Amino acid sequence: MVAIPEGGLIISPDGHTATLEMKDVAVVDQPKWPALDAVGMPATMSFRMIWKATGEKVIYDDPQKQFRVEGYRATAQLEAQVEVPLIGFSWKSDPLSESSANFAIIGDEVNGRYYKPMK
Amino acid sequence: MSSTDDVRSCCTRRIFLSTALSIASAGAVSLLLSNEAAADNKPPHSKLSTYNGDTDPYPIPWLDKNGSHNQPAGPQMEPSHIYHFKGRVARCAGFVGMGTDNMGNRIAFGTPTTDYGFMQGEYFAGRTPQTGAFTHI
């Protein structure tokens, strides 16, 4: 988990669309993950990702784990570029419109001390 | 040419999300270490510290048992990686897409665990509410 810099995340006023864009995020390239002997190399990743709510509302509420999500199922698309300088490797995805995600959600969540069970 | 035949098969076999998950794990861990320890890539000092004095987000307790601090996105699953949180969230998983490496090889990305998300809002840490925006990549 990394902090998003100012301006990296834009959410529409109605909360139905979100665009996340970050450049040259320092990451660890670890092709054999999750193998215990997986070797990691420093890399950078730049990406742009867009979530768009569909009309399908969702509410996940779990009093035992103390969280509630109210939002929408969504579509999500991604374009990205990765560079691993130590081995001279780089990779660039096709345009964002060519990708898709099998599952996506966008909404509001409360958990922990902010959670209050529904009555 | 098959990507797995490449002499740099460790690279061409890469599945984009595997990389991303490594990133997420590393990122989460670094947030839980002191800045100094994370920056120097050294073990944290032996002096004990508590989360009470730190403004970094607190991980979801039951997701921390394996040190990964996260779980794949899915129906009925909690999107946030931050405990004591309220705000906007989005998650996605199971990406399908293609890309090209610098050798011209076409390489797909996306596995069932390809998983991204963000959390923007208020979280409680250091005994007081904090605000911030974080991503899991």
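**Exercise 1.** In this predicted model, determine how many bridges join β5(A) to strand β6 (residues 89-93) of chain A, and in which direction the two strands run.

*Solution.* Step one: the count is 4 bridges, and the strands run antiparallel. Step two, the register: Val82(A) stands opposite Trp91(A) in β6(A). Step three, the connection: β5(A) and β6(A) form a hairpin with 4 residues between them, and Gly88(A) in this turn has a positive phi of about 65 degrees.

**Exercise 2.** Find which other strands of chain A pair with β5(A).

*Solution.* Begin with β4 (residues 41-62), which is joined to β5(A) by 16 bridges in antiparallel fashion. Here Trp51(A) lies opposite Ala76(A). A hairpin with 4 residues between the strands links β4(A) and β5(A); Gln66(A), in its turn, has a positive phi of about 55 degrees. Next take β7 (residues 100-111), antiparallel to β5(A) and joined to it by 7 bridges. In that pair, Glu70(A) faces Asp108(A).

**Exercise 3.** Identify the residues that touch the most other members of the largest nonpolar core.

*Solution.* The core has 50 residues, and the ones sought are Met45(A), Trp51(A), Ala74(A), Ala76(A), Ala90(B) and Cys92(B). Strand β5 (residues 67-84) of chain A gives the largest share of this core, 8 residues. For Ala74(A), contacts beyond four places in sequence include Trp51(A), Ile105(A) and Ala90(B).

**Exercise 4.** Describe the side of chain B that touches chain A.

*Solution.* Count first: 56 residues of chain B are in contact with 52 of chain A. The largest share of the chain B side, 17 residues, comes from β3(B). By class, this side has 28 nonpolar, 20 polar and 8 charged residues. Finally, check strand pairing across the chains: 2 bridges join β1 (residues 2-3) of chain A to β6(B), antiparallel, with Ala3(A) opposite Phe134(B).

Notes: Residues are numbered from 1 along each chain as its sequence is written. Chains are lettered from A and ligands numbered from 1 in the order in which they are written. This is a predicted model: local features need pLDDT of at least 70, side-chain atom pairs count only at pLDDT 80 or more; totals for chains, interfaces and linings use all residues. Two residues are in contact if their C-beta atoms, placed from the backbone, lie within 7 Å. Ala, Val, Leu, Ile, Met, Phe, Trp, Tyr, Cys and Pro count as nonpolar, Asp, Glu, Lys and Arg as charged, and the others, Gly among them, as polar. Two strands pair if DSSP finds at least two bridges between them. A nonpolar core is a set of buried Ala, Val, Leu, Ile, Met, Phe, Trp, Tyr and Cys residues joined through C-beta atoms within 7 Å. A residue is buried if 20 or more other C-beta atoms lie within 10 Å of its own, exposed if 12 or fewer, and partly exposed in between; C-beta atoms are placed from the backbone.
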